[in-house]
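Student: Could you walk me through this one, and tell me how each label is earned?
Tutor: Gladly; let's look at it together.

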Amino acid sequence: METRIFIMCAVATAMCCSQACKEGEKATIVTPNAVQLEWANAEVGVMFHYDMQVYQTDYQWRKWGTHPPAEIFNPS
């Protein structure tokens with residue numbers, strides 16, 4: 001959890017430092033706000049992956065040239 005906060009701060013600092021500052025301007029350091037920190041600490045992630053096997057169970061993905069037509073991949 002602390003590692004995420006450190007990485008977020010390091011990235012924000014690097015982004016700030018990478019921008020060219022005009023002479024006389026003071027560089028500002030960007031830090032995450034409370035909502036961003038709360039989101040980073042939630043530690044929740046979900047990924048749904050639908051491949052051709054979902055729509056055509058006999059699909060032979062290892063055989064080259066046997067791909068089904070694109071019309072079959074039409075989630076509703």
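**How the labels are earned**

Student: What makes Asn-33 a cap of H2?
Tutor: A side-chain oxygen of Asn-33 lies 3.1 Å from the backbone nitrogen of Val-35, at the N-terminal end of H2. A polar contact is a pair of N or O atoms within 3.5 Å; within protein, one must be able to donate a hydrogen and the other to accept it, and residues adjacent in sequence count only if both atoms are side-chain atoms. H2 is followed by Glu-43, whose phi is positive, near 55°.

Student: What should I keep in mind about the model itself?
Tutor: This is a predicted model, in which local features need pLDDT of at least 70 and side-chain atom pairs count only at pLDDT 80 or more, while totals for chains, interfaces and linings use all residues. Residues are numbered from 1 along each chain as its sequence is written, and side-chain values use heavy atoms, with hydrogens and water left out.

Student: Which elements have the lowest and the highest mean pLDDT?
Tutor: H1 has the lowest, 71, and H2 the highest, 89. The protein averages 75, and 79% of the residues score at least 70; pLDDT is the predictor's confidence in each residue, from 0 to 100.

Student: How many helices and strands are there?
Tutor: There are 3 helices and 0 strands, giving the pattern α-α-α along the sequence. Helices (H or I, at least four residues) and strands (E, at least two) are DSSP runs, numbered from the N terminus.

Student: Why is Phe-48 called exposed?
Tutor: Buried means under 20% relative accessible area, exposed over 50%, and partly exposed in between (1.4 Å probe, protein chains only). Phe-48 has 66%, so the word is exposed. Phe-48 sits in the loop between helix H2 (34-42) and helix H3 (52-55).

Student: Why is Met-8 called partly exposed?
Tutor: Met-8 has 26% relative accessibility, which falls between the two cut-offs, so partly exposed is the label. Met-8 belongs to helix H1 (residues 2-18). Leaving aside neighbours within four places in sequence, Met-8 is in contact (heavy atoms within 4.5 Å) with Pro-32, Gln-36 and Ala-40.

Student: And why does Ile-72 count as partly exposed?
Tutor: Its 27% relative accessibility also lies in that middle range, so Ile-72 counts as partly exposed. Ile-72 is found in the segment after H3. Not counting residues up to four places away in sequence, Ile-72 touches Met-52, Tyr-55 and Gln-56. The C-alpha atoms of Ile-72 and Met-52 are separated by 8.1 Å, though these residues are 20 apart along the chain.

Student: What percentage of the residues count as buried?
Tutor: Of the 76 residues, 9% count as buried.
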